[in-house]
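Reader: Hey, I've got this model open and I'd like to talk about its charged side chains. Can you walk me through them?

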Amino acid sequence: MAANRNDTMSGSGLLKGITAVIPARNEEENISDIIKRTRPVADEVVVVDGHSKDRTVEIAESLGVRVVKDNRKGKGDAIRVGALAARYDIVVFLDADGSHDPTDIPRLVEPIKNGEADLVIGSRGRGGSDELHGDMEKLMRLVGSDLILIGINWRWKQNLTDSQNGYRAIRTEVMRSLGTKENITTIEQEMTMKCLKKGFRVSEVPSHEYARKHGVSTIKLKKVWFRYIYSFLKNLP
């Protein structure tokens, strides 16, 4: 049988294809565009719906992609649900709000396909961000994430420029083996730290983070900042 167009050899054998996982909740204004832009560069697209009250599910299903439900616990839970639902050996996580450019997917997965990495982060430190500059809350996000990044680099002797961006690719079996527990956006930080702790190879490529195309972000720093610190300290030893 001929290999899938995205099949590649790695240290663990033949890697078969790419699953793009898009967590989404009430993203009817954005979901169609992100699906249409993702499909050409992935073997399957899975939308993990956070029990939306709008037409997110209807629109996604009308475009022929698979939709699964999360457990109403947050983005971290949706990431785990998506990884379990993935049919292919590399999974790419990207947001439904248009902040991540799907044309970066081939660049994200290349180090994994070449057997050089197990997790590849789309680095805003290298690619820039529209969401980390411009007001006091964005400044606090930037400072906080940089302090945590310094700690991660010091602990595992890395030179990463971003540990928290949600745009990332990982070998599916690696993601499933990490035993992640975080249920909110702290999942990305936890994923990075647990990969390093378990000896998996973490790399990054430049990727620009754009402002969401429609709607308003539901992430409020003042409600979650303590969880980032707790998660960092918990996974540091």
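**Salt bridges, pair by pair**

Author: Sure, start with R37 and D101: their side chains form a salt bridge, with N and O 3.1 Å apart. That term means a side-chain nitrogen of Lys or Arg within 4 Å of a carboxyl oxygen of Asp or Glu. This is a predicted model, where local features need pLDDT of at least 70 and side-chain atom pairs count only at pLDDT 80 or more, while totals for chains, interfaces and linings use all residues. Residues are numbered from 1 along each chain as its sequence is written, and side-chain values use heavy atoms, leaving out hydrogens and water.

Reader: Okay, how many salt bridges are there by this rule?

Author: The count is 16.

Reader: Where do D118 and R201 lie?

Author: D118 and R201 form a salt bridge too, at 3.2 Å from N to O. D118 is in the loop between α4 and β7 (119–123), and R201 is in the loop between α8 (187–197) and β9 (202–206), so the pair ties together parts 83 residues apart in sequence. (Helices are DSSP runs of H or I, at least four residues, and strands are runs of E, at least two, numbered from the N terminus.)

Reader: Is D118 buried or exposed?

Author: D118 is buried, at 3% relative accessibility, and R201 is partly exposed at 37%. Buried means under 20% relative accessible area, exposed over 50%, and partly exposed in between (1.4 Å probe, protein chains only).

Reader: Which residues are linked in a network with D118?

Author: R171, E173 and R201 join D118 in a network of salt bridges.
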